[in-house]
Amino acid sequence: MSRQLPDFPWDRLAPYAAVARRHPDGIIDASIGTPVDPTPACAREALAAACDAPGYPATHGTPALRRAVADWFARRRGVADLDPAGVLPTIGSKELVAWLPTLLGLGPGDVVVHPERAYPSYDVGARIAGARPLPADGTVQLGPGRDDVRLVWLNSPSNPTGRVLGVDHLAKVVRWARSIGAVVASDECYAELGWDVEEVPSILDPRVCGGSHAGLLAVYSTSKQSNLAGYRAGFVAGDVDLVGRLLEIRKHAGMMMPAPVQAALTAVLGDDVHVAEQRERYRGRRSSAVKAFTGAGFRIDDSEAGLYLWLTRDEPCWDTVAWLAERGVLVAPGEFYGVAGGRHVRVAMSITDDDAAALAQRLG
Ligand SMILES: Cc1ncc(COP(=O)(O)O)c(C=O)c1O
């Protein structure tokens, strides 16, 4: 199977990391989106209170957790009618992304569509299942009568570009997918980090789905909004029948979220204050970074939401990576996210305030 999987690309960044580390003031590592701020107290307290957990946890999650997800969708995402039976906790969202095609029973001959500039795990998940990954940003490109397309991944706000898909775009994809019987899975893990947009609609929004969640799955993660990446706390929600199918296999396969993490996830979903605080931290870093990069002649594309700036100097991405590494700044080459990203770099805002403030000096 490993022969079907792409090489792990991060190894190619190692020589540039070595250059950046030699900077007299040290490296500013903006290459990966791993949170650097503390896990909020509400999560830690809930985790500690639930740490006596001798029995097996429910794969479907506690009723309180499923209720908390439904309430969160109603409060934060404009989705008032989510059935808690259609909620399933996942061990972070990366595992769900990587296993969803397999859990849906996809295999050879099936096609999984994902964005052209994309988080690499959509491609990997298709390959693990033996299905064919197909990068495409629009339904026109795919054409009518595609009975080989079984799953369509959307990612809004996007990693890496920060682009947000509006209601009309999402509704069009839903109509197209329904017309060919494909599932739409929408990865919305940056939904709480909107900057230059009025709203970040969910695939489950009634304006998008016409009030029915049939064939639709929203995938979410609290890693970024709640600095919980180390807990592995995500969930998938939507079509009750589809979620039921995933649940059945996950029960057999032992893919269950630990009980203390279920308690922590329930707690963070009920607390909007720490999410707002985290958003403000990222807002501050982002504004310092925008000033520093535009001042140094970079162009910022998309980047209207999410954890990243999507930048270009209109040159091959590795040239930009090298230029920044000499200034002690490590970023991810856009090529990691597909050939369409070959002239961009991705800069993560998961850096400290001090590092964000130091960017202007480094690039000046
Ligand atoms: C678009 C996207 N989806 C999913 C994930 C996985 O997040 P986690 O597994 O921490 O929930 C990431 C992480 O960076 C991501 O960028």
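Where along the chain is D302 found? Look in the loop between β9 (299-301) and β10, and you'll find D302 there. Keep in mind that this is a predicted model. Phi of D302 is near 50 degrees, a positive value in a residue that isn't glycine. With a relative accessible area of 43%, D302 is partly exposed, because that value falls between the 20% and 50% cut-offs. D314 is another case: its phi is positive, about 55 degrees, and it isn't a glycine either. You'll find D314 in the loop between β10 and α12 (317-326), and at 47% relative accessibility it counts as partly exposed. Why point these out? Most residues other than glycine have a negative phi, and most peptide bonds are trans.

That brings us to the peptide bonds. From S156 to P157 the bond is cis, with omega near -10 degrees. Another cis bond joins N159 and P160, with omega at about 20 degrees. P157 sits in the loop between β5 and α7, and P160 lies in the loop between β5 and α7 too.

Now step back and take in the whole chain. Its secondary structure comes to 13 helices and 13 strands. The C-alpha trace spans about 55 × 50 × 40 Å along its principal axes. A compact globule of 364 residues would have a radius of gyration near 21 Å, and the chain has 20 Å, so the two agree. Of those 364 residues, 55% count as buried. If you take the contacts with a separation of 6 or more, 76% of them are between residues 24 or more positions apart. As for the outside, the accessible surface comes to about 14900 Å², and 53% of that belongs to carbon and sulfur atoms.

Next, head inside. The largest nonpolar core has 50 residues, and F73, L82 and I203 are the ones with the most contacts within it. Elements that give two or more residues to this core include α3 (63-76), β5 (149-155), α7 (167-180) and α10 (259-269). The largest share, seven residues, comes from α7. To get a feel for the packing, pick F73: leaving out residues up to four places away in sequence, it touches G78, V79, L82, S202, L204, A218, F235 and A237. There's also a second, separate core of 38 residues, with L193, F298, L324 and M349 among them.

Helix α10 is also the place of A264. At a relative accessible area of 0%, A264 is buried. Its C-alpha atom is separated by 5.1 Å from that of L47, although the two residues are 217 apart along the chain. Setting aside neighbours within four places in sequence, A264 is in contact with A43, A46, L47 and Y231.

Finally, check out the rings. The structure holds 14 aromatic pairs. In one of them, the rings of Y190 and Y308 have centres 5.6 Å apart and planes at 75 degrees, which makes the pair edge-to-face. This pair links distant parts of the chain, with Y190 in the loop between β6 (183-187) and α8, and Y308 in strand β10, 118 residues away. Y190 counts as buried at 3% relative accessibility, and Y308 is buried with a relative accessible area of 3%. Elsewhere, ring pairs link W10, Y16, W318, F336 and Y337 into a cluster. W323 has charged company: the charged end of R313 sits over its ring, 4.2 Å from the centre, and R327 lies over the face of W323 at 3.8 Å from the ring centre.

Conventions:
Residues are numbered from 1 along each chain as its sequence is written. This is a predicted model: local features need pLDDT of at least 70, side-chain atom pairs count only at pLDDT 80 or more; totals for chains, interfaces and linings use all residues. Side-chain values use heavy atoms; hydrogens and water are left out. A nonpolar core is a set of buried Ala, Val, Leu, Ile, Met, Phe, Trp, Tyr and Cys residues joined through side-chain atoms within 4.5 Å. Buried means under 20% relative accessible area, exposed over 50%, partly exposed in between (1.4 Å probe, protein chains only). Helices (H or I, at least four residues) and strands (E, at least two) are DSSP runs, numbered from the N terminus. Contact means heavy atoms within 4.5 Å. Rings of Phe, Tyr and Trp (its six-membered ring) pair if their centres lie within 6.5 Å; planes under 30 degrees apart count as stacked, over 60 as edge-to-face and the rest as tilted. A charge sits over a ring if NZ of Lys or CZ of Arg is within 6 Å of the ring centre and within 35 degrees of the ring normal. The radius of gyration is taken over C-alpha atoms; the globule rule is 2.2 Å times the number of residues to the power 0.38. Accessible areas come from the Shrake-Rupley method with a 1.4 Å probe; for residues, only the protein chains shown count as cover.
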